[in-house]
Amino acid sequence: MKTELVSAIYLQEVELQERPADAQQDAKINNNDETFTVEEAVETIGFGRFHILLFVIMGSANIVEAMEIMLLAVVSPEIRCEWRLDDWQVGLVSTIVFLGFMVCGVLGGYLADRYGRWKVVFGGFVWSAYFSLLTSFAPSYSWFIFLRSMVGCGVAGVSQGFVLKTEFIPAKHRAFLLPLATVFWMTGSMLIIVLGMLVVPTMGWRWMIRLSVTPSIILIFLFKFIPESARYNVSAGNVQAAVDTLNRIAKMNRSSLPPGRLMEPPVTERGSWRTLLSPAFRKTSFLLWYSWFVASFSYYGSVLSSSELLEKNLLCMTDQIRRPHEAGRCYCIPFGLSDYQTLLISCLGEVALVPLNIGMLSLVGRRKSLMLLQLLSAILFLMINICTTMFGFTVLLFLLRSLVSMNFNVVYIYTAEVYPTAARSLGMGFCTSFSRIGGMIAPFIAQVLMSQSVILALSPFSVSCVICAAGSFLLPIETKGRALLVTNHYSL
């Protein structure tokens with residue numbers, strides 16, 4: 001009896017010890033059954049130190065892009081005189097740059113969806129820096145436009161950085177963080193103008209270009225701190241790489257991933273144009289292509305128009321005597337200090353209304369923001385021709401640059417949010433290519449037609465903005481507050 005009692009007590013103790021282990025095993029099995037998506041992981045990790053690093057490095061990409069594009073407005077008066085160019089030849093420089101951007105925009109988007117965002121953006125940095133440096137040694141006008149077209153091709157790859165950045169940012173922070181990228185664009189624009197003001201009069205435009213390559217070289221070394229998009233890795237079937245990236249971000253942000261394991265089906269058809277023209281996105285794609293065309297057409301129209309009006313003194317001024325330009329092939333009127341200052345002040349306009357831009361995106365959404373900004377831009381384009389003082393012109397130019405910059409910003413954000421992961425970069429690539437068609441046409445309106453009639457040159461920009469506002473009203477999808485799309489189906 002005593003032996004049986006001891007055995008029973010022993011068996012009971014063993015049973016009690018085994019039960020917690022069994023419960024722990026059951027919990028482990030249940031935990032393994034839990035899954036989460038990249039979207040859920042990004043939202044759970046939240047905003048932190050990684051996103052600040054991402055914002056600074058990828059924002060610096062906007063500095064490089066802005067310097068390469070805005071360089072044309074500063075260099076135009078110099079190359080006009082050095083090679084004795086006609087108006088159409090000066091306009092052709094910008095057109096060729098945007099042609100390179102247009103051709104490589106679609107190619108870059110396809111490669112980014114097929115082989116990764118990081119590779120395309122990094123390759124774009126190296127490519128654009130190399131050919132920009134070669135531009136400073138161009139022996140002739142023909143070599144200059146060829147090399148600048150190669151720069152445009154590289155900048156097309158750099159522009160995919162916006163997609164890479166968007167895919168890491170939590171949904172509730174996108175409306176706040178993405179518009180702030182305008183600060184970096186403005187910094188690049190102002191930097192190239194300051195370089196022009198300090199370097200061109202003493203060392204010439206070639207040294208200005210050489211010095212402008214410096215940010216690109218620095219950024220190439222910093223880019224190793226940015227990982228490949230976790231959303232791309234999952235769509236490509238590389239789940240472990242996505243988990244490693246998300247763990248790295250969580251560690252930097254002092255956060256953790258959701259419980260369970262990452263589970264999303266791989267996407268077999270990545271980088272396909274059929275997605276953009278599928279019934280779910282066909283109307284959106286067509287309207288966005290025109291919106292991007294107008295965004296670029298109006299933005300570079302405002303930049304080049306202001307440069308042309310100042311260079312040739314075509315402004316209708318009430319407080320100064322208008323100096324006539326020389327007749328013939330070459331006007332050879334370089335920018336003066338006051339012209340550089342006016343361009344600098346107008347650049348500030350690109351960030352002055354960023355708080356308003358953030359408020360509009362958060363309150364009224366993307367579509368209504370586009371409509372309002374495009375209608376206001378149309379009005380400001382016509383007001384540029386009003387006879388006023390130099391101060392009045394600067395204020396009008398300041399407001400115009402604010403509006404067209406905000407419009408470009410919103411259309412960037414909307415495009416990155418509306419397309420699914422498998423076609424997001426290709427969608428952005430198609431859109432940027434259409435935008436460069438606008439950039440190709442803008443120089444011939446702003447720099448060639450402007451000499452004939454100021455109001456005739458400004459009217460096309462105004463009319464295109466009005467038509468675009470109507471198109472924005474017809475956009476079928478509002479992306480405000482929505483998660484980034486994974487599949488090719490949208491619930492309206």
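In the predicted model, Phe144 makes contact, beyond its neighbours within four places in sequence, with Val75, Ile79, Trp83, Val93, Thr135, Ala138, Trp205 and Ile209. Phe144 is, together with Met208, the residue that touches the most other members of the largest nonpolar core, a set of 141 residues. The element that gives the most to this core is α3, with 18 residues. In soluble globular proteins, nonpolar side chains tend to be buried together.

Two of the residues in contact with Phe144, Trp205 and Ile209, are also among the buried residues of helix α9, which spans residues 205-212. The buried residues of this helix are Trp205, Met208, Ile209, Arg210 and Ser212, so that the list holds Arg210 and Ser212 beside Met208, and their cover includes α3, α5, α6, α8 and α10, the last of these comprising residues 214-222.

The wider setting of these elements is a protein with 20 helices and 2 strands, in which 57% of the 492 residues count as buried. Among contacts between residues at least 6 apart in sequence, 85% join residues at least 24 apart.

Helix α2 (residues 38-45) has Val38, Glu39, Ala41, Val42 and Ile45 as its buried residues. These residues lie on the same side of α2, because they cover an arc of only 165 degrees around the axis. An α-helix has 3.6 residues a turn, so residues three or four places apart point the same way. The cover over the buried residues of α2 includes β1 (35-36), α8 (171-203), α11 (230-235), α12 (239-252) and β2 (261-262). Within α2, the charged residue Glu39 counts as buried because its relative accessibility is 10%, which falls under the 20% cut-off. Apart from residues up to four places away in sequence, Glu39 touches Ala171, Arg231, Glu264, Ala483 and Leu484. Gly46 follows α2 and has a positive phi, near 75 degrees.

Positive phi values are also found at two residues that are not glycine. Arg84 has a phi of about 50 degrees and is placed in the loop between α3 (49-82) and α4 (87-115), while Arg254, with a phi near 55 degrees, lies in the loop between α12 and β2. Arg84 counts as exposed because its relative accessible area is 51%, a value over the 50% cut-off; Arg254 is likewise exposed, with a relative accessible area of 71%.

The search for empty space over the whole structure finds 7 cavities of 30 Å³ or more. The largest cavity holds about 320 Å³ of space. Its lining comprises 19 residues, and of these Asn62, Glu65, Trp185, Asn409 and Tyr412 lie nearest the centre of the cavity. Two or more lining residues are given by each of α3, α7 (161-166), α8, α14 (282-311) and α18 (390-418). By class, the lining of the largest cavity divides into 10 nonpolar, 6 polar and 3 charged residues.

The largest pocket has a volume of about 170 Å³, and its lining is formed by Cys104, Leu107, Gly108, Leu111, Val120, Gly123, Gly124, Trp127, Cys153, Gly154 and Gly157. The elements that give two or more residues to this lining are α4, α5 (117-135) and α6. The lining of the largest pocket has 6 nonpolar and 5 polar residues but no charged residues, with glycine counted here among the polar residues.

One of the residues lining this pocket, Gly157, belongs to helix α6, which covers residues 141-158. Gly157 counts as buried because its relative accessible area is 8%, which is under the cut-off of 20%. Leaving aside neighbours within four places in sequence, Gly157 is in contact with Val120, Val121 and Gly124, and of these residues Val120 and Gly124 are likewise named in the lining of the largest pocket. The C-alpha atom of Gly157 is separated by 10.0 Å from that of Val126, a residue 31 places away along the chain.

Methods: Residues numbered from 1 in each chain as written. Predicted model: local features only at pLDDT ≥ 70, side-chain atom pairs only at ≥ 80, totals over all residues. Heavy atoms only, no water. Helix = DSSP H or I, 4+ residues; strand = E, 2+ residues; numbered from the N terminus. Buried < 20%, exposed > 50% of the residue type's maximum accessible area, 1.4 Å probe, protein only. Contact = heavy atoms within 4.5 Å. Arc of directions from axis to C-beta. Core = buried A, V, L, I, M, F, W, Y, C linked by side-chain atoms within 4.5 Å. 1 Å grid on protein atoms, 1.4 Å probe; cavity = no way out; pocket = protein on both sides within 12 Å on 5 of 7 lines; lining within 4 Å. Points joined across faces, edges and corners; volume = space filled by probe spheres on them.
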